[in-house]
Amino acid sequence: MMRLSKTFMNFRRIMKIFPLLSLVVLSFVAMGCYPEHNQSTFDPKGPVAEAQLVIFWWILIGGVIVTVLVEIALIYAIFKFRRKNEDEMPKQVHGNTRLEIIWTVIPAIFLAIIMVPTIQTLFYASEAPKSALPQHTLEAIGHQWWFEFRYPNPENPEEEIVTANEVYIPVGYPIAINLESVDVIHSFWVPKLAGKVDMVPSEGNYMWFEADEPGEYYGQCAEYCGESHANMKFKVIAVPEVDFNAWLQYQAQPAFESGDPLALEGADVFKDAGCSGCHATKTVVKKGSKGRVGPNLAHLASRQDLAAGMLDNSNPDGSVNDSYLQKNLRIWLEDPNSIKPGNIMSAQAAVYTDENKKLTEAQISALVNYLTSLK
């Protein structure tokens, strides 16, 4: 009896703080759903994300209605059929065919109503509209743990322009995206533009999105893919079409390499240390050709981020800050595993696995100077 009494007292204490705990949880949920957050799905900036948000509201409202009705029925049953006193046996009910039919048919009707716009949205989001231009088709390839992007070369349809972790798109145009993975299952997700779609090795997938206004939209791998899954980020930069065309033409040009003696020394270190075996510095490749193990480093010095979004090189206006870039390159080259645990470079590159081949301070400085020159 004493044990039951203590249990009851503990239960009462828990119930007293339950409202406070609920308020705390709801506060965290509200903060996570804040529309201005750069990965909030409640602030769509494109037609696909907007259509998917409408479906979310339909399902949420339907779920709330069902929850309220079930709770009302439950509370009614508790009071209607409760035991009035110790001696009274509650009325026994062994089934109600009419009631069972009603609570089966009503949800079925409701689900059928929800099914129609849901299926329409699924088809809408999967197939790029006919207005999508071939020159805006994007190849997105998942790697552990970074994204490779390829564009059709406007000068030669048999070639592609390769970049990594930053994807530019023209505002107001549907962008068809072909998805692929070279290792494990990844998932391509830009919350403000479109829902997530899996990237499955050897099983091509596809999707599309469109940006209604210029801006930077943050993407993320949404399928657990290993130790640095949470560090597999990318950025979609939506710009006016004229700026997009200028950017694409710029990307098609060979990266500028400085004639500075330290940069030239860094270029030699890049080759001698084996960096060129995994990282290309050539932007244009044959269409469908196999990529390198690591990100393409051509025009690296013009990118706002390093290490798939882990290190920020940019000023508030989006321009690249050379000081930030140099600092971040040094941090990455000295210990990439501290930035992105489990990355392939730390695990396989001889300069990190063989103490005798470790980069010296002078070599790192030369490499930083060389990579900073790749604009």
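Start by selecting Glu334 in this predicted model: with 40% relative accessibility, Glu334 counts as partly exposed. Now add Arg330, which forms a salt bridge with Glu334, their closest N and O atoms being 3.8 Å apart. Both residues sit in helix α6, 4 residues apart, or about one turn of the helix. Arg330 is partly exposed too, at 23% relative accessibility.

Stay on Arg330 and bring in Glu361. Here is another salt bridge, with the closest N and O atoms 3.0 Å apart. This pair joins distant parts of the chain, since Glu361 belongs to helix α10 and Arg330 to helix α6, 31 residues away. Glu361 is partly exposed, its relative accessible area being 48%.

Next, show the whole of α6, residues 322–334. Its 13 residues reach 18 Å from the first C-alpha to the last. Which residues of α6 are buried? Color Leu325, Asn328, Leu329, Trp332 and Leu333 to see them. Look down the helix axis: these buried residues fall within an arc of 130°, so they line one face of α6. Turn to the face pointing away from that buried side, and you will find the exposed residues Ser323 and Lys327. Among the elements covering the buried residues are β12 (305–306) and α10 (361–372).

At the start of α6, pick Asn321: one of its side-chain oxygens comes within 2.9 Å of the backbone nitrogen of Ser323.

Finally, move to β12 and select Asp305, whose side chain meets that of Lys235 in a salt bridge (3.0 Å, N to O). Lys235 lies in strand β10 (residues 233–239), 70 residues from Asp305. Are these two buried or exposed? Both Lys235 and Asp305 are buried.

Conventions: Residues numbered from 1 in each chain as written. Predicted model: local features only at pLDDT ≥ 70, side-chain atom pairs only at ≥ 80, totals over all residues. Heavy atoms only, no water. Helix = DSSP H or I, 4+ residues; strand = E, 2+ residues; numbered from the N terminus. Expected span 1.5 Å × (residues − 1). Buried < 20%, exposed > 50% of the residue type's maximum accessible area, 1.4 Å probe, protein only. Arc of directions from axis to C-beta. Contact = heavy atoms within 4.5 Å. Polar contact = N/O pair within 3.5 Å; in protein donor to acceptor, adjacent residues only side chain to side chain. Salt bridge = Lys/Arg side-chain N within 4 Å of Asp/Glu carboxyl O.
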